[in-house]
Amino acid sequence: MKLFPPSPVCWICGDLHIGNFGSYKGDSLLAYFDLNDFDESILAPVGWDIVRVITSIPVTFHELKITNKEAIKSCELFLKKYSQTLADGNPRYIETSTATGIVKGLLNSVERRSDKNY
């Protein structure tokens, strides 16, 4: 019995969930919003990461007392954007100048850090 449908094998995070996204300063001292945990990375079917992140959305939203309806909408939006990005074949970067909402706040906070604290 197969638990997951077949999917392409690639390097996956291995622990893809909402808590492993964040903002940080890179070696270039630019602020980034991206995955920030790769200690469980593995060459595996990409579907494993997709299942993990889609599972984390309703769990996190429940803890934050956000409605199930919003959790489902967010899962659908994630899948739509994820598949669009893969189909485009070009990675997209979230920059401070184009970010909105909570991500913009996180990036602004990181940019204000002094170089020794990045």
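β1 (9-12), β3 (31-35), α1 (46-63), α2 (68-88) and α3 (101-111) each bring at least two residues to the lining of the largest pocket. That makes the pocket a good place to start a tour of this predicted model.

## The largest pocket

How big is the volume of the largest pocket? The volume comes to about 1,900 Å³. The lining counts 43 residues, and those closest to the centre of the pocket are F21, F33, D34, F78 and I94. Among the elements, α2 gives the most to this lining, with nine residues. Sorted by chemical type, the lining holds 28 nonpolar residues, nine polar ones and six charged ones. If you would like to picture how such spaces are found, rolling a probe the size of a water molecule over the atoms shows where empty space is left.

## The chain as a whole

Now step back and look at the full chain. The chain has three helices and four strands. Reading from the N terminus, the order of elements is β-β-β-β-α-α-α, with the strands written before the helices. The C-alpha atoms fill a box of roughly 55 × 35 × 25 Å, taken along the principal axes.

Of the 118 residues in the chain, 25% are buried. You can also ask how far apart in sequence the touching residues lie. Among contacts in the chain with a separation of 6 or more, 62% are between residues 24 or more positions apart.

## The largest nonpolar core

Which residues make up the largest nonpolar core? There are six of them: A31, F33, A99, V103, L107 and V110. Both β3 and α3 supply at least two residues of this core, and α3 has the largest share, with three residues. F33 also belongs to the group closest to the centre of the largest pocket, so you can use this residue to find your way from one region to the other.

A99 is another core member worth a look. Leaving aside neighbours within four places in sequence, A99 is in contact with I94, K104 and L107. Of these partners, L107 is itself part of the core, while I94 is one of the residues closest to the centre of the pocket.

## Residues to visit one by one

Is D15 buried or exposed? D15 counts as buried because its relative accessibility is 12%, under the 20% limit for that class. This residue sits in the loop between β1 and β2 (21-25). The side chains of D15 and R52 are joined by a polar contact of 2.6 Å. Not counting residues up to four places away in sequence, D15 touches N20, D37, E40, D49 and R52.

F61 lies in helix α1 and is also buried, because its relative accessibility is 14%. Beyond its neighbours within four places in sequence, F61 contacts I18, I66, T67, E70, A71 and S74.

I42 belongs to strand β4 (residues 42-45). Why does I42 count as partly exposed? The reason is its relative accessibility of 40%, which falls between the 20% and 50% limits. Apart from neighbours within four places in sequence, I42 is in contact with C10, W11 and I12.

K65 is found in the loop between α1 and α2. With a relative accessible area of 74%, K65 is exposed, because that class begins over 50%. K65 has a positive phi of about 60° although it is not a glycine.

Finally, L30 is placed in the loop between β2 and β3. Not counting residues up to four places away in sequence, L30 touches Y24 and K25.

## Distance along the chain and in space

The table sets separation in sequence beside separation in space for three pairs that include residues you have just met.

| Pair | Apart in sequence | C-alpha to C-alpha distance |
|---|---|---|
| I42 and W11 | 31 residues | 5.6 Å |
| F61 and Y82 | 21 residues | 19 Å |
| L30 and R52 | 22 residues | 29 Å |

Try finding each pair in the structure. I42 and W11 are 31 residues apart along the chain, with 5.6 Å between their C-alpha atoms, and W11 is one of the contacts of I42. L30 and R52 are 22 residues apart in sequence, and their C-alpha atoms are 29 Å apart. R52 is also the partner of D15 in the polar contact described above.

Technical notes. Residues are numbered from 1 along each chain as its sequence is written. This is a predicted model: local features need pLDDT of at least 70, side-chain atom pairs count only at pLDDT 80 or more; totals for chains, interfaces and linings use all residues. Side-chain values use heavy atoms; hydrogens and water are left out. On a 1 Å grid over the protein atoms alone, a cavity is a set of points where a 1.4 Å probe fits but cannot get out, and a pocket is an open set with protein on both sides within 12 Å along at least five of seven lines; lining residues have an atom within 4 Å of a point. Grid points are joined across faces, edges and corners, and a volume is the space filled by probe spheres set on the points. Ala, Val, Leu, Ile, Met, Phe, Trp, Tyr, Cys and Pro count as nonpolar, Asp, Glu, Lys and Arg as charged, and the others, Gly among them, as polar. A nonpolar core is a set of buried Ala, Val, Leu, Ile, Met, Phe, Trp, Tyr and Cys residues joined through side-chain atoms within 4.5 Å. Buried means under 20% relative accessible area, exposed over 50%, partly exposed in between (1.4 Å probe, protein chains only). Contact means heavy atoms within 4.5 Å. A polar contact is a pair of N or O atoms within 3.5 Å; within protein, one must be able to donate a hydrogen and the other to accept it, and residues adjacent in sequence count only if both atoms are side-chain atoms.
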